[in-house]
Amino acid sequence: MRVLYILHTNSLTDGSTKSFLALVDGMAAAGAGVEPYIVLPGDGALSSLLRSKGMRVFALNYRFSIYPHLRRWQDWLLFLPRLAYWQWLEHRAVRHVTAICRDNGVDLIHSNVSVVAIGMKVAHRLHLPCVYHLREYGGQTWGMHYFPSHRSYLAAMQRAGAYTVCITRDVQRYYGLCDDGRSRVIYNGLFPAAYRPAPSSTDGNYFLFAGRIEAAKGVQMLLEAYRLYAASCKDALPLWLAGREPDASAYVRSLHAYVEQHGLEGKVIFLGERTDIYILMQQARAIVVASPLEGFGRCTAEAMYNGCLVVGRDTCGTKEQMDNGVSLTGDEIALRFTTTQQLAAHLKECASAPRDAYDAMRQRAATTVRRLYSTEANVRGVHRLYCDILSTTKSNAR
């Protein structure tokens, strides 16, 4: 079968990119018979990697299917011109993708995230089945507003030939798809089930945050909790923040100002984007996942795979992973918090406890992730969906 994938980024570090690569690589390794055609917004690191794997890649110029952000006064002045330009780019991309599908006999379209509407428009035009991979809580996650509306996206998902993959049950509930027979919950695939991380030779005396430095990740709450912890402990462990800091972000500037204001320089370290994140996880005292609206929480599962203790916010995808662990193993697989004070207490507890105090919890966490979030399980679920879709399509065509 020929599947055309539409991606929203060329970044190799984006969580949705990692999940996509695990899927297409897993399909190839399993001999699933899926021939991928991949559309990306321009050329970059990801398109180069995919071409090196021998995959068909099409670099087009398009943007998210959202309204332009209004953060500065210049944004207000440029709002309508930007909106018109983005829509023109999308219209042109739809024509190109339509031609790609026709020229290559594509069987179905798979949109890797919900913020790009090109796939749904081409599928509707060519009467092809379309899979929407719902990885986030609509526009809430990134402060985005779908164009022309969130309701229009929901309506598109109800069309004939539309199917959805939700990365958690909670995401499925958010979109109101729990009773929709065309919607399936398929967890992200992280590593092969047989994967075992190389044991770390050293232990790092630091707490870790890993992810984009943005409001959606709850970094402000983490800094506030760390300040409370550091004030109550003479030799507080440092906090390392590993992740990309968006250029010219007022939020990032406010975080640095907060650190300076409370005298946390030298304790709170902004590492920037890192390529050794798994090593940092293996050596950290614990990793903190503070996002209030985490779709799945790939960072949570990756840390657990790598034997790192997780201190996780008891909401959305992070909560679902922790609940899954309790259901599977009979006990907690992470330390939960909902308030800043609870997080500060966990930091203090982790810093003072012996390193082996949480060994059993870390082991339960690793077992949960290997059982539920392997690439093999992800590939089986998505491939089964593809087969069911094409079988239904052929039956309807008779």
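How far is the sulfur of Cys130 from the closest cysteine sulfur, and in which residue is that sulfur? Keep that in mind as you click around; this is a predicted model, and we'll start at Ser111.

**Stop 1: Ser111.** Select residues 108–111 to bring up strand E4, which holds Ser111. Ser111 counts as buried because its relative accessibility is 2%. Now show what Ser111 touches, leaving aside residues up to four places away in sequence: you should get Ile6, Val116, Gly119, Cys130, Val131, Tyr132 and His133. Add Leu4 to the selection as well. Leu4 and Ser111 are 107 residues apart in sequence, yet their C-alpha atoms sit 8.3 Å apart in space.

**Stop 2: His133.** From the contacts of Ser111, pick His133. His133 belongs to strand E5, so select residues 130–134 to see the whole strand. With a relative accessibility of 3%, His133 counts as buried too. Turn on side chains and look towards His110: a polar contact of 2.9 Å joins the side chains of His133 and His110. The wider set of residues that His133 touches, again skipping those up to four places away in sequence, is His110, Ser111, Asn112, Val113, Ser114, Val165 and Ile167.

**Stop 3: Cys130.** Back to the opening question. Select Cys130 and Cys101 and draw a line between the two sulfurs: Cys101 holds the closest cysteine sulfur to that of Cys130, and the gap is 9.8 Å, too far for a bond. A disulfide would need the two sulfur atoms within 2.5 Å. Cys130 is buried, at a relative accessible area of 2%.

**Stop 4: Cys387.** Jump to Cys387 and try the distance tool again. Here the closest cysteine sulfur is the one in Cys130, 17 Å away, which is also too far for a bond. Unlike buried Cys130, Cys387 is partly exposed, with a relative accessible area of 35%. If you're wondering how many disulfides turn up anywhere, a search of the whole structure finds zero.

**Stop 5: helix H10.** Last, select residues 298–305, which make up helix H10. Switch on a surface for everything else and the helix should be hard to see: eight of its eight residues are buried, so H10 is largely enclosed by the rest of the structure. Those buried residues are Arg298, Cys299, Thr300, Ala301, Glu302, Ala303, Met304 and Tyr305. Then step past the end of the helix to Gly307, which follows H10 and has a positive phi, near 75 degrees.

Technical notes
Residues numbered from 1 in each chain as written. Predicted model: local features only at pLDDT ≥ 70, side-chain atom pairs only at ≥ 80, totals over all residues. Heavy atoms only, no water. Helix = DSSP H or I, 4+ residues; strand = E, 2+ residues; numbered from the N terminus. Buried < 20%, exposed > 50% of the residue type's maximum accessible area, 1.4 Å probe, protein only. Contact = heavy atoms within 4.5 Å. Polar contact = N/O pair within 3.5 Å; in protein donor to acceptor, adjacent residues only side chain to side chain.
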